[in-house]
Amino acid sequence: MTIDDDPDQTVDGDDDNDDETPDDGDDDDADDTGNETTFLMPVTEVDAINSYGFYHNTTLDKYYLHTGIDFAGEAGDEVYAVLDGTVESIVSDPILTGTTITIAHENGLTTTYTFVDAAEGLEVGDTVARGDVIATVAEAMGQEYKDGAHLHFEVFLNNEPVDPETYLEITEK
């Protein structure tokens, strides 16, 4: 999959224009939607096996909106915080999703990391920095076990799910 660069999107360190653009009153400005933020990849090996959008879950044999990106991995692969933030919750569901870690960031952004084992000592309320190891990929289980071991990564803006590709730079070779 390829993400086309939005000409209005500022990527860390890539802003060659130091002039500030005045607010034109439109609701589509990058800083109104959080699009000026670019995340660190949550895993080292980027192999996106399922994207945001309409999806056939082979484990449940159902179609539904898949509100994240699944990154294939091996159990034990490190999972990283994509931005600085505060751990909002660590929830375990031993039947459907395993452990899910939710991190709150600035500007109404929240990220979730599912099908993981939380890093030892990680607790709700902890402050994490971009690039900190927060978990490892868990053994395949639950509602997506037929996809094998993977990280299910979601992004929310003001509590609404958004396509993580909006914030990640993913290119297919």
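**Figure 1. Thr112, a buried threonine in strand β8.** With a relative accessibility of just 7%, Thr112 counts as buried. In this predicted model, Thr112 sits in strand β8. Setting aside residues up to four places away in sequence, Thr112 touches Thr100, Ile101 and Thr102, and also His152, Phe153, Glu154 and Phe156.

**Figure 2. Thr114, another resident of β8.** Thr114 belongs to strand β8, which covers residues 109–118. At 6% relative accessibility, Thr114 counts as buried, since the cut-off is under 20%. Skip the residues up to four places away in sequence, and what Thr114 touches is Thr97, Thr99, Thr100, His150, Leu151 and His152. The side chain of Thr100 is also a polar partner: it makes a polar contact with the side chain of Thr114 at 3.0 Å.

**Figure 3. Phe115 and its backbone angle.** Staying in strand β8, we get to Phe115. Phe115 isn't a glycine, yet its phi is positive, at about 70°. Is Phe115 buried or exposed? It counts as buried, because its relative accessibility is 3%.

**Figure 4. Asn158, a positive phi in a loop.** Asn158 is found in the loop between β11 and β12. Here phi is positive at about 50°, and again the residue is not a glycine. Asn158 is exposed, with 52% relative accessible area.

**Figure 5. Phe39 and Phe153, ring against ring.** The structure holds three aromatic pairs. In one of them, the ring centres of Phe39 and Phe153 are 6.2 Å apart and the planes meet at 85°, so this is an edge-to-face pair. Phe39 comes from the loop between α1 and β1 (48–50), while Phe153 comes from strand β11 (residues 150–157), so the pair ties together parts that are 114 residues apart in sequence. Both Phe39 and Phe153 are buried. Zoom out a little and ring pairs link Phe39, Tyr113, Phe153 and Tyr167 into a cluster.

**Figure 6. The largest nonpolar core.** In soluble globular proteins, nonpolar side chains tend to be buried together. Here the largest nonpolar core has 27 residues, and those with the most contacts inside it are Phe39, Val79, Ile101, Tyr113, Ile134, Leu151 and Phe153. Strands β4 (69–72), β7 (98–104), β8, β10 (133–137) and β11 each put in at least two residues of this core. Which strand gives the largest share of this core? That's β11, with four residues. Take Ile134 as a close-up: leaving out neighbours within four places in sequence, its contacts include Val79, Ile101 and Tyr113, along with Tyr80, Ala81, Ile103, Ala118, Ala119, Leu122 and Val128.

**Figure 7. Thr166, in the segment after β12.** Thr166 lies in the segment that follows β12 (160–162). It is partly exposed, with a relative accessible area of 28%. A polar atom of the Thr166 side chain lies 2.9 Å from the backbone oxygen of Asp163. In sequence, Thr166 and Phe39 are 127 residues apart, but C-alpha to C-alpha they are 9.4 Å apart in space.

**Figure 8. Tyr64 in strand β3.** Tyr64 has its place in strand β3 (residues 62–66). Its relative accessible area is 26%, so Tyr64 is partly exposed. Tyr64 and Phe54 are 10 residues apart in sequence and 5.7 Å apart in space, C-alpha to C-alpha.

**Figure 9. The N-terminal stretch, and how far to trust it.** Over residues 1–34, pLDDT stays under 50, and the model has 36 contacts beyond four places in sequence for this stretch. Among the chain's elements, helix α1 (residues 30–33) has the lowest mean pLDDT, 38, and strand β9 (residues 127–128) the highest, 98. Where pLDDT is low, the predicted coordinates should not be read in detail. Over the whole chain the mean pLDDT is 78, and 73% of residues reach 70 or more.

**Figure 10. Pulling back to the chain.** The chain has one helix and 12 strands, and in sequence order the pattern is α-β-β-β-β-β-β-β-β-β-β-β-β. Of the 173 residues, 39% are buried. Among contacts between residues at least 6 apart in sequence, 65% join residues at least 24 apart. The chain exposes about 9900 Å², with carbon and sulfur atoms supplying 44% of that.

Note on methods. Residues numbered from 1 in each chain as written. Predicted model: local features only at pLDDT ≥ 70, side-chain atom pairs only at ≥ 80, totals over all residues. Heavy atoms only, no water. Buried < 20%, exposed > 50% of the residue type's maximum accessible area, 1.4 Å probe, protein only. Polar contact = N/O pair within 3.5 Å; in protein donor to acceptor, adjacent residues only side chain to side chain. Contact = heavy atoms within 4.5 Å. pLDDT = per-residue confidence, 0-100. Phe/Tyr/Trp six-rings, centres within 6.5 Å; stacked < 30°, edge-to-face > 60°. Areas by Shrake-Rupley, 256 points an atom, 1.4 Å probe, with all protein chains shown as cover. Core = buried A, V, L, I, M, F, W, Y, C linked by side-chain atoms within 4.5 Å.
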